[in-house]
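Q: Please take a close look at the aromatic rings of this structure, and set them in the context of the chain and its nonpolar interior.

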Amino acid sequence: MDPGSEAGRPPIARLYLLGPVRLTDQEGYDRTPKGGVRRALLAVLALSQHGTKSRLSLQDMFWGDRDPARGASSLRNALSVLKKDLADLGDELITSDAQDVRLNIDRLWIDVVHYASPTGAEQLRHTHGQRLPDLIEGLNVRATGDDTFEDWLRIERQHWIDVLEPKLTPPQERERIDPPLRDPAQMALSDLQSHFGIGLLPTISRANALHAELFGDSIMDSIADNLRAVHLAEIYDYRGDNTARFDIGAGVGPSILLQLKLFQDANRINMTLLVYRTSQQRLLWTWQMPARYADGMNFDNLAVSNFINRGSDRVSKTLHDLAMKAGGAYLNTPYHALNTMFRLEGQALGDTRQMLINAHSETGESVHRALLAYLNTFHVGEHWGRYDGAVIDDTREHVYNVLNDDPFNTVTLTMAGHAAGYILHDPVLSGEMLERAVELNPTLALAWDHLALHHMYNGRYDDALKASETAIRLGVYSPLRFTYDTTMCMISTLRGEHARAVEFGSRALAHRPNYGAALRYMSVALAHLGQDEEAHRLVGRIRQMEPDFSGDWVMNDRLAVSDDGARKLLLTGFEKAGA
């Protein structure tokens, strides 16, 4: 299927971004928008994740020096004209709502996307020879006096240079680069290990700031800590003289290598994470984000913490994909267990329990016991089983054991801390564990999300809101993002912000239609908004999973909410919703 086609249908237009922006229809006629800002908007959307960009980021990019009302008006006008520019192509290519603007990239052939695909390299060389033209060449939209678009463009140009330049040289002409410290036979054997090995390469710094390389090493240390926690990864440090610490023999070593590049551009530090597959000696992907130098090269800089968490999520996805291709190896990790749990399927939950029992028996890792305690929260909260003495006793045994065995693993503390609050109703123990988890790793969205739940259960709604906002910001690319949206739905419901609760609940249910927590709280929010028919429909979906569901869940502490006002709000909401 041609990249850019939807469900096998041919694209309705071709968008060229190398060189000047150019859009042609199926017959080759020029359909390029005339205005510079409109061409820039089209290019930004085309290169964004899933073709989607928030209104606020577009407004900041092109009209950041105007007051918010004027900026929003300018964006609306530009989008209206751009939609008219594209209307003759036959499909509604651009859609928008109150939050986001979307370009249907599935109906476009986009040159850089095609060239980056496995089948596109030959066409890239045929079209452009040995020299890449500039991305989005000759487009000047700095009329507002703000450099945000230019900063974005510099980053995108460097990214596509990194992706496409290696493809300009045919494979047979490329110089072979041996990976560090390992021969190919040893590297192949590393795929047989029980956990992935991850190698850390020296930071490449093109920044003038003092201590830039040390700062880069700290970023890599944080990413490595995240991967050690969620994948039980074995970390191999190839920075400086640290290789002397490892006696590397056959059958051990890294499956992937990570490297950080720092590049200072005016008042920004651009951070790029590069991920290599050692056994294939190739670059898998790069990930780039800018941070304002004025905000400081430190972990209080929001862009830095976002980079760490998003980079960790992308590496996690890569490791999970490699594990699946390996035929099931490495699947005893917290990352795999959590993603399997949140499929919210009874059979998957049962299989996960047995996998965790086997994994703990084989490895002795306390995180598996913490995950077993966490799995019990699904037993209670996702209409999978009864809330009785047996599940309480099982949870208590797991929680108290991991407290002694592993008090410094963020994932262990998060999982066990949530179980202590939700099932054991022990707010003191739960709070201690979750606060420690965030303190140990302030870049892990999972920990912030469960701290938000803890504050919510105990009536501290302002603290819950702040923690939830942090989780959503850090976990924007996480496969568990829908759970963070659910937490925000719950908090918004108890704060009386029911329209906001419905917004976030809808996002969560779009990904997991049978997510009990989202169904319950969204039904309450809808009921309080007077949308009784829709609320009744959601309660009906809950009863398909648990026929005995009723407002008694509130009275029996099955929702773990301790605040009397919140309990009353939930109870009356369920009554209005027909529970």
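A: The account below begins with the chain as a whole, then turns to the rings, the cores and two loop residues.

The model is a predicted one. Its protein chain comprises 23 helices and 12 strands. Of its 579 residues, 55% count as buried. The accessible surface of the chain is about 25,400 Å², and carbon and sulfur atoms contribute 48% of that surface. Among contacts with a separation of 6 or more, 65% are between residues 24 or more positions apart.

Turning to the rings, the structure holds 11 aromatic pairs. One of them joins Trp 109 and Tyr 115: the ring centres are 6.3 Å apart and the planes meet at 85°, so the arrangement is edge-to-face, given that an angle over 60 degrees counts as such. Trp 109 is buried, with a relative accessible area of 2%, and Tyr 115 is likewise buried, with a relative accessible area of 2%. Trp 109 also has a charged neighbour, for Arg 14 lies over the face of its ring, 3.9 Å from the ring centre. A further arrangement of this kind involves Tyr 16, whose ring has the charged end of Arg 22 over it, 4.3 Å from the centre. Elsewhere, ring pairs connect Phe 342, Tyr 374, Phe 378, Phe 482 and Tyr 515 into a cluster.

The nonpolar interior comes next. In soluble globular proteins, nonpolar side chains tend to be buried together. The largest nonpolar core has 94 residues, and the members that touch the most others are Met 341, Val 399, Met 456, Leu 494 and Leu 570. Leaving aside residues up to four places away in sequence, Val 399 touches Ala 373, Ala 416, Ala 419, Ala 420, Leu 424, Leu 429 and Met 433. A second core, separate from this one, has 47 residues, including Leu 42, Leu 47, Leu 103 and Trp 160.

Two loop residues complete the picture. Most residues other than glycine have a negative phi. Leu 232, however, has a positive phi, near 55°. Leu 232 is found in the loop between helix H8 (212–231) and strand S9 (234–237), and its relative accessibility of 8% means that it counts as buried. His 425 also has a positive phi, near 55°. The loop that holds His 425 runs between helix H14 (410–422) and helix H15 (427–440). His 425 is partly exposed, with a relative accessible area of 32%.

Note on methods
Residues are numbered from 1 along each chain as its sequence is written. This is a predicted model: local features need pLDDT of at least 70, side-chain atom pairs count only at pLDDT 80 or more; totals for chains, interfaces and linings use all residues. Side-chain values use heavy atoms; hydrogens and water are left out. Rings of Phe, Tyr and Trp (its six-membered ring) pair if their centres lie within 6.5 Å; planes under 30 degrees apart count as stacked, over 60 as edge-to-face and the rest as tilted. Buried means under 20% relative accessible area, exposed over 50%, partly exposed in between (1.4 Å probe, protein chains only). A charge sits over a ring if NZ of Lys or CZ of Arg is within 6 Å of the ring centre and within 35 degrees of the ring normal. Helices (H or I, at least four residues) and strands (E, at least two) are DSSP runs, numbered from the N terminus. Contact means heavy atoms within 4.5 Å. Accessible areas come from the Shrake-Rupley method with a 1.4 Å probe; for residues, only the protein chains shown count as cover. A nonpolar core is a set of buried Ala, Val, Leu, Ile, Met, Phe, Trp, Tyr and Cys residues joined through side-chain atoms within 4.5 Å.
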